[in-house]
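Here are my notes on the model you sent, set out as numbered points so that each can be checked against the coordinates. I begin with a single strand residue and work outwards from there.

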Amino acid sequence: MNAPTNAIVFDHVSKHYGDVLAVDDLSLAIEPGSTVALLGPNGAGKSTSINLLLGLLAPTKGTIEVHGHSPAEAVKAGEMGAMLQNGALIPELTVKELIDLVRRLYPRPLALDELLKLADLTDLAGRRANKLSGGQTQRVRFALAIAGAPRILLLDEPTAAMDVESRLRFWASMHDYAAGGRTVLFATHYLEEADEHSDRVIVVARGRLAADGTAAQIKADAGGHAVSFALGDQPAAGLDLLPGVTVVEILDGTATLHTSDVDATLAGLYRSTTLDVHRLKVSGADLEAAFLQLTRES
Ligand code: ADP
Ligand code: MG
């Protein structure tokens, strides 16, 4: 038998809570060493998927494998660490005591100093857990998630309750941990986070897979770029025939051409002998537009 090549496999997984279908026939495979964003609006099924992966919930249908094993086996072997959406710290302990307590539960934990450094907590080591800000608490929870040096790290909306500065520090910590060839799957409903911090974005909506690819691919698939210019009172006829153009919008004397091939559209515009093109602007379809389109479609 071949060794399994994927870190995580969902094979036609569904999960019902009574009448609610939270995960709907989800299939995906994640390669070891990748950093993947699970992007979707609230209620999309992100947390349910992560809890299924951890074996905290059982699928109604389908199977899940983690490095070729069941979630329960993988958890038992210390393969996965997780930061879930909620979870309190023991208030009486200091940051250092708490992290040390948890790391000792694992057979091959990271060193205490390394954990404090990775989670950017060295300066807070002596602080009691009930005296931490929201962002600092999340960093401690991150340290606890990586304490056992898991090959797979699951983060469920890890930056909720963090300010901008804390977010930056948090993502830097995540990238440091991922750099050792580990697999990271993080849930988010922030498009910018998915865009900036993953190699691959899996978009879910209403429990279903809506898109899967790099952020750039998803943006391109959802309509590429837009070219706009001042049309004035020139006729708009023929704009829709320019190469690459998918949709033409005219508003207040400005023409906006949505295009799947921005270079071809621009070349076509410049070749035109009848059009006077002023105040030309090219914009990328942002992930937000792509995301809205995708989550509406499904
Ligand atoms: P997300 O994390 O993407 O916001 P969830 O996985 O938490 O989504 O929820 C997916 C769907 O399942 C939602 O419609 C939610 O209301 C429902 N749901 C989640 N947990 C439960 C539960 N314990 N009982 C019933 N419905 C639930
Ligand atoms: Mg959630």
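**Notes on the predicted model**

1. Val245 lies in strand β11, and since this is a predicted model, what follows describes computed geometry. At 14% relative accessibility, Val245 counts as buried, because the cut-off for that class is under 20%. Leaving aside neighbours within four places in sequence, the contacts of Val245 are with Leu239, Asp240, Leu257, His258, Thr259 and Thr265. Val245 is also 172 residues from Glu73 in sequence, and the C-alpha atoms of these two residues are 52 Å apart in space.

2. One of those contacts, Thr265, belongs to the buried set of helix α9 (residues 262–271), which consists of Val262, Thr265, Leu266, Gly268 and Leu269. Viewed down the axis of α9, the buried residues fall within an arc of 160 degrees, so they line one face of the helix. An α-helix has 3.6 residues a turn, so residues three or four places apart point the same way. On the other side of α9, the residues Asp263, Tyr270 and Arg271 are exposed. The cover over the buried residues of α9 includes β10, β11 (245–251), β12 (254–259) and β13 (278–284).

3. Strand β10 (residues 225–230) contains Ser228, and it is worth asking which residues Ser228 is in contact with, leaving aside its neighbours within four places in sequence. They are Thr254, Ala255, Thr256, Arg279, Leu280 and Lys281. Ser228 is itself buried, with a relative accessible area of 14%.

4. Two residues deserve a look at their backbone angles. Arg279, one of the contacts of Ser228, is found in strand β13 and has a positive phi of about 50 degrees although it is not a glycine; its relative accessible area is 70%, which makes Arg279 exposed. Ala149, likewise not a glycine, has a positive phi of about 55 degrees. Ala149 sits in the loop between α5 (134–146) and β6 (152–156), and at 25% relative accessibility it counts as partly exposed.

5. Turning to the ligand, the residues around ligand 1 are Tyr17, Val20, Ala22, Pro41, Asn42, Gly43, Ala44, Gly45, Lys46, Ser47 and Thr48. By class, this shell divides into five nonpolar residues, five polar residues and one charged residue. Which element gives the most residues to the shell around ligand 1? That element is α1, with three residues.

6. Oxygen atoms of ligand 1 come close enough to the backbone for polar contacts, for which the cut-off is 3.5 Å. A polar backbone atom of Lys46 is 2.8 Å from an oxygen atom of ligand 1, and for Ala44 the corresponding distance from a ligand oxygen to a polar backbone atom is 3.1 Å. In Ser47, a backbone N or O atom lies 2.9 Å from an oxygen atom of the ligand. Taken alone, ligand 1 exposes 570 Å², of which the protein buries 59%. The elements that give two or more residues to the shell are β2 (20–30) and α1 (46–53).

7. Phe291, in helix α10 (residues 287–297), can be related to the ligand shell through its contacts. Leaving aside neighbours within four places in sequence, Phe291 is in contact with Leu39, Gly40, Pro41, Leu191 and Val203, and Pro41 is among the residues around ligand 1. Phe291 and Lys46 are 245 residues apart in sequence, while their C-alpha atoms are 15 Å apart in space. At 9% relative accessibility, Phe291 counts as buried.

8. Finally, some values for the chain as a whole. The chain has 10 helices and 13 strands, and its C-alpha atoms fill a box of roughly 75 × 45 × 40 Å, taken along the principal axes. Of its 298 residues, 46% count as buried. Among contacts in the chain with a separation of 6 or more, 66% are accounted for by residues 24 or more positions apart. The chain exposes about 15,000 Å², and carbon and sulfur atoms supply 51% of that area.

Terms used: Residues are numbered from 1 along each chain as its sequence is written. Chains are lettered from A and ligands numbered from 1 in the order in which they are written. This is a predicted model: local features need pLDDT of at least 70, side-chain atom pairs count only at pLDDT 80 or more; totals for chains, interfaces and linings use all residues. Side-chain values use heavy atoms; hydrogens and water are left out. A residue is near a molecule or strand if one of its heavy atoms lies within 4 Å of it. A polar contact is a pair of N or O atoms within 3.5 Å; within protein, one must be able to donate a hydrogen and the other to accept it, and residues adjacent in sequence count only if both atoms are side-chain atoms. Accessible areas come from the Shrake-Rupley method with a 1.4 Å probe; for residues, only the protein chains shown count as cover. Helices (H or I, at least four residues) and strands (E, at least two) are DSSP runs, numbered from the N terminus. Ala, Val, Leu, Ile, Met, Phe, Trp, Tyr, Cys and Pro count as nonpolar, Asp, Glu, Lys and Arg as charged, and the others, Gly among them, as polar. Buried means under 20% relative accessible area, exposed over 50%, partly exposed in between (1.4 Å probe, protein chains only). Contact means heavy atoms within 4.5 Å. The arc is that of the directions from the helix axis to the C-beta atoms.
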